[in-house]
Structures are given as structure tokens and as C-alpha cells.
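Here is a short report on one protein chain. It moves from single residues to the chain as a whole, then to a pocket.

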Amino acid sequence: MKRSLALGLSLTLLASPVMATEKDTLKARQDRLSNQLEESKKAQDETDAELDITEAERDAVATEIRAVNERLEGLSEQIAVQQEEADAARTELEETRDQLAAHGQYLESQKALLSERLRVLQVHEDRSYLQVVFESRSFGDFVTRLLTAQTIAEQDRDLIHTYMNEVERLETLEARQRTQLSFLKQKERELVVTKQALDVAAEQKRDLLSELNEQVELLELEKMSRAEEQALMNEQSRIIAGQLEAIATAEREAAEAQARAAAAAEAKGQSDEKATASPAPTPPPPAEAPTNVSGPATSFVRPVSGYVSSPFGPRQNPLTGVAESHRGIDLVNATGTPIVAAAPGIVIKAAPATGYGNVVFVSHIVGGAVWTTVYAHLDSITVSSGQTVSAGQTVGTLGNTGWSTGPHLHFELHRGQWAPGQPNAVDPGPYIGY
């Protein structure tokens, strides 16, 4: 009977170490995923808060820009009005100067006439108009001389007054128009200076708005990436839960088989005690150890042939030119070339993702350890999330989707689960023969 119990225990122990090791590995992985998921959610909350603040700043700056633009439009209209008024004043000043020039010629002729009058008077300053009149030869000549003398005297006076008044009027008008034009020009200059300052302020505001728009885009991209990370981690957790459930089911079945074997052995032992002459029973064949649902493997295969255009490690980003750490290798081949799974496993994501384009994530257990492979920039995807795949099975075709500069496969290998920031990434080259 003791021998039969020992036999039943030995059958169970054939499978228990395998299941226990994998179970511990999966539970540890699930715990890490839970912690990373919480960290990702906290980071997303921070990103959401920063996004709200940045959007509020952007909206405030946009409002300020609208106000500045409205003021600039008003200043532009005022400057246009000032320019029209200045042009009108300049035209009036030119007309006045033309009038002054025209009157100048007339006044010069009058000045010559007046000078002649004054010369005559100076020459005959001791002779009165009466003397001139009394020298007349007849009464008619007397009347004519008298009227002529009076007319000349009055014309001389009128000429002097007209000359002085016209000169004063034109000079006053010219001075007033110069003052008005100077005022209009000064006001126009002040408006232009104000507009230039506002133009500078508006340009600064536009630059700030552009920066805030870029920040908003980056934060929205980060928010999207966080959501994708969490979805990926949730999917990994779901698959791990399924694996743990499968192991638990296998353990229950093994325990039930053990109990049945023990009961059968005990019953057989009792039967043997009654029939000691009977030959010893042939022991049942050992039970098969339950296989891992993700298909354990010991090595990786190359996902696609081709040359390495960008190895693992530091590089200049081909899109931005910024220095970065390349967390995989790029394998170049023709668009549509089949991409195969590097090891047996379970697909945890098969969909477009930010930056990756069309991408497939596969979880593996290789050599008793958890690994994750990533196949990015695919032209098409031929598997679905949750699907079990074998090594060498096609998961998609090579393409140029996402943040890519040409047809290639971006292949990543992670020792453990895929996590935000890719801390578990290792150089896949040595593992796939590059």
C-alpha cells in the first residue's frame, strides 16, 4: 500500500515542478504589470493635468492674440486716416506755395512800380501835388492833373497795403499748414511706432502660441501613448490570468488524478493482501506533464531576412535628427515580405499604435523565462490579439506604417514583459543571428 502511494506521488511530481516554476514566473510578471499599470495611470493623470493647464494657457494666449490683432487692425485704420490727412495737408501746402510763388511774380511787378513811385516822390519830394496841378496849361489840364495826382497817391497807398497784406496772409497760411503737416506726421510716426511694438508683441504671442500648440500635441500624443500602454498591459494581464487559470486547472486535474491513483492503489493493495499469490501489477505509464499554453521554446528564429539599417542602441532619429536610444533593430526588405513569429507564444496586441504603425506584440516563455517580441511598421497584420502562434508562423507583412522613413521591420526583444519606456529591451541581434 505504501509503495502504491509513493507511486501516485511520483506521478504528480513529474508535472508539479514545471507548473510551479511557470506559475511563479507568471505571478511575478503579473505583479510587475500591476505596479507598472498603476505607475502608468498616475503618469497619465499628471499628463492630463498638465494638458489641461497647457490648453488653458494656449486659449488665453489665443485670446490675447485676437485682442492684439483687433488693436492692430484699429491702428492700421488710424494710420491710413492719418496718412490721408497728411497727404491732404501736404497737397494744400503745395497749393499755397504755388499761390505764393504766383503772387510773388505779381508782387515783384507791383514792387517795381512802387519803387518807381517812391523814386519819383523822392526826386520831387519838395514839390506838392498842388504845384504839379498849378503847372497845368488849361482848366481841363488842371482837372486832369488833379485827378491823376489823387489817383496816384491812392494807388500807392493801396499798393503798399495790398502787398503787405497778401504777403502776410500767404506766410501765415504756409506757417499754419507746415505746423499742421508736422503735427500729422508726428501723430503718424507715433501710431507707426505703436503698431511696430504691437507687431513685435503679436509675433511673440504667435511664437508662444506655436510652442503651446506643440506642447499640447506632444501631451495629447503622450496621453494617447499612455492609453495604448495601459491597454497593452491590461491585455498582458488578461493573458497571464488565462495562463494562470490553465495552470490551476492542470493542477486540479493532477490532484484529482493523484487522488484517483491513490484510491486505486489502495484498493489494489487490499486486493493484493487477499491474494498474495497473484503476480505484482504492472505500474501505469507516467502521466504527461501539462504543456505551457504559450508553447515553451529554447531559442528564437529570425522574423525576416534582410540587412540591418539601424542597429540597437544610440542613434540620431531619422525623422527628427534628435539623439535617442534605438530600442530594437531595423531589418530592411521589400514591402509585403512575410514577417514570422520569433518563437511560439500568445499575441497580446495586433493593431495600429502610436509611432509603431501596424504592430504585433507576442508574449513567449523561452527557456523557462518570459520574453516579449514586437514587430512594427507592418503593411498588414495576419493575427489577432489572444491568438496562439508557433515559431515561424506569419504574423504580418513588412511595410512602412507609423513613424517610418522606408519599408522595414522594426523588431524589439524584451526580457520580460513590454513596459512603458522599454526598460526590458535587449539587443535582439545576437538572439536571431545578426
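Histidine 377 sits in strand S8. The model is a predicted one. Is histidine 377 buried or exposed? Its relative accessibility is 5%, below the 20% cut-off, so histidine 377 counts as buried. The backbone of histidine 377 deserves a look as well. Its phi is near 65°, a positive value in a residue that is not glycine. Most residues other than glycine have a negative phi.

**Glycine 386**

Strand S8 spans 369–381, and strand S9 spans 388–389. Glycine 386 lies in the loop that connects them. Its relative accessible area is 33%. That value falls between the 20% and 50% cut-offs, so glycine 386 is partly exposed.

Which residues does glycine 386 touch, neighbours within four places in sequence aside? The contacts are Glu235, Arg238, Ile346 and Val347. Isoleucine 348 is another residue to check. It is 38 residues from glycine 386 in sequence, yet the C-alpha to C-alpha distance is 5.8 Å.

**The whole chain**

The chain has 434 residues, and 34% of them count as buried. It holds 5 helices and 12 strands. Take the contacts between residues at least 6 apart in sequence: 72% of these join residues at least 24 apart. The accessible surface comes to about 24,700 Å². Carbon and sulfur atoms account for 55% of that surface.

**The largest pocket**

The largest pocket has a volume of about 1,100 Å³. It is lined by 41 residues. Closest to its centre are Thr354, Gly355, Tyr356, Trp403 and Gln422.

Several elements give two or more residues to this lining. One is helix H4, which covers 139–274. The others are strands: S1 (307–310), S3 (323–326), S4 (329–332), S6 (345–353) and S11 (409–415). Which element gives the largest share of the lining? That is H4, with 7 residues.

The table splits the lining of the largest pocket by residue class.

| Class in the lining of the largest pocket | Count |
|---|---|
| Nonpolar | 15 residues |
| Polar | 17 residues |
| Charged | 9 residues |

Glycine is counted in the polar class here. Gly355, one of the residues closest to the pocket centre, is therefore a polar entry. Tyr356 and Trp403 are also among the closest, and both count as nonpolar.

Notes
Residues numbered from 1 in each chain as written. Predicted model: local features only at pLDDT ≥ 70, side-chain atom pairs only at ≥ 80, totals over all residues. Heavy atoms only, no water. Helix = DSSP H or I, 4+ residues; strand = E, 2+ residues; numbered from the N terminus. Buried < 20%, exposed > 50% of the residue type's maximum accessible area, 1.4 Å probe, protein only. Contact = heavy atoms within 4.5 Å. Areas by Shrake-Rupley, 256 points an atom, 1.4 Å probe, with all protein chains shown as cover. 1 Å grid on protein atoms, 1.4 Å probe; cavity = no way out; pocket = protein on both sides within 12 Å on 5 of 7 lines; lining within 4 Å. Points joined across faces, edges and corners; volume = space filled by probe spheres on them.
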